[in-house]
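This report sets out side-chain contacts and surface features of the structure shown below. The account proceeds from salt bridges to charge, aromatic and nonpolar features.

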Amino acid sequence: MSNLEQIEAAILSLPSNEFEQLRLWFLDLDYERWDEQIEQDIEDGKLEAFAQEAIAEYEAGHCREI
């Protein structure tokens, strides 16, 4: 049995309250890693083209008020 299969089996055996705690922990971890990736992409300049495109659209009047 692989590590992943062992983890899956352990998760399936958790009581509801512990499963909920694990779920929330996992979501927090996922959001944290997502934030780290976005920050790294910003540092690497990977989002610069999107930012410039958004600024150009705004300056051209192609936006709506919410």
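## Salt bridges

Lys-46 is exposed, its relative accessible area being 52%. The model under discussion is a predicted one. The side chain of Lys-46 takes part in a salt bridge with that of Asp-41, with an N to O distance of 3.9 Å. This distance satisfies the criterion because a salt bridge requires the nitrogen to lie within 4 Å of a carboxyl oxygen. Asp-41, in contrast to its partner, is buried, with a relative accessible area of 14%. The bridge therefore joins an exposed lysine to a buried aspartate.

How many salt bridges does a search of the whole structure find? The search finds two. Besides the Lys-46 and Asp-41 contact, the side chains of Glu-20 and Arg-23 meet at 2.9 Å, N to O. Glu-20 and Arg-23 are three residues apart in helix α2, so about one helical turn separates them. Both belong to the partly exposed class: Glu-20 has a relative accessible area of 33%, and Arg-23 has 35%. In general terms, side chains of opposite charge can pair when their charged atoms come close.

## Negative surface patch

A patch of negative charge on the surface is formed by Asp-28, Glu-32, Asp-35, Glu-36, Glu-39, Glu-43 and Asp-44. Two of its members can be described in further detail. Asp-35 lies in helix α2, which covers residues 16-43, and is partly exposed at 43% relative accessible area. Glu-43 is also placed in helix α2, and with a relative accessible area of 64% it is exposed.

Asp-41 does not appear among the patch members. Patch membership calls for over 30% relative accessible area and no salt bridge; Asp-41 is therefore ruled out by its 14% accessibility and by its bridge to Lys-46.

The position of Asp-35 can also be related to Ala-51, which is 16 residues away along the chain. The C-alpha atoms of Asp-35 and Ala-51 are separated by 17 Å.

## Aromatic pair

The structure holds one aromatic pair. Trp-25 and Phe-26 form this pair in a tilted arrangement, with 6.5 Å from centre to centre and 55° between the planes. The pair counts as tilted because its angle of 55° falls between the limits of 30 degrees for stacked and 60 for edge-to-face rings.

The two residues fall on either side of the exposure cut-off. Trp-25 is exposed, with a relative accessible area of 52%, whereas Phe-26 is partly exposed at 49%. The classes differ because exposed means over 50% relative accessible area.

## Nonpolar surface patch

Ile-42, Leu-47 and Phe-50 make up a nonpolar patch on the surface, and together they present about 310 Å² of accessible area. Of these residues, Leu-47 is partly exposed, with 30% relative accessibility.

Technical notes. Residues are numbered from 1 along each chain as its sequence is written. This is a predicted model: local features need pLDDT of at least 70, side-chain atom pairs count only at pLDDT 80 or more; totals for chains, interfaces and linings use all residues. Side-chain values use heavy atoms; hydrogens and water are left out. Helices (H or I, at least four residues) and strands (E, at least two) are DSSP runs, numbered from the N terminus. Buried means under 20% relative accessible area, exposed over 50%, partly exposed in between (1.4 Å probe, protein chains only). Patches are made of residues with over 30% relative accessible area and no salt bridge: like charges are joined within 9 Å, nonpolar side chains (Val, Leu, Ile, Met, Phe, Trp, Tyr) within 5 Å. Accessible areas come from the Shrake-Rupley method with a 1.4 Å probe; for residues, only the protein chains shown count as cover. Lys and Arg count as positive and Asp and Glu as negative; His and the chain ends are not counted. The place of a charge is taken as NZ of Lys, CZ of Arg, CG of Asp or CD of Glu. Rings of Phe, Tyr and Trp (its six-membered ring) pair if their centres lie within 6.5 Å; planes under 30 degrees apart count as stacked, over 60 as edge-to-face and the rest as tilted.
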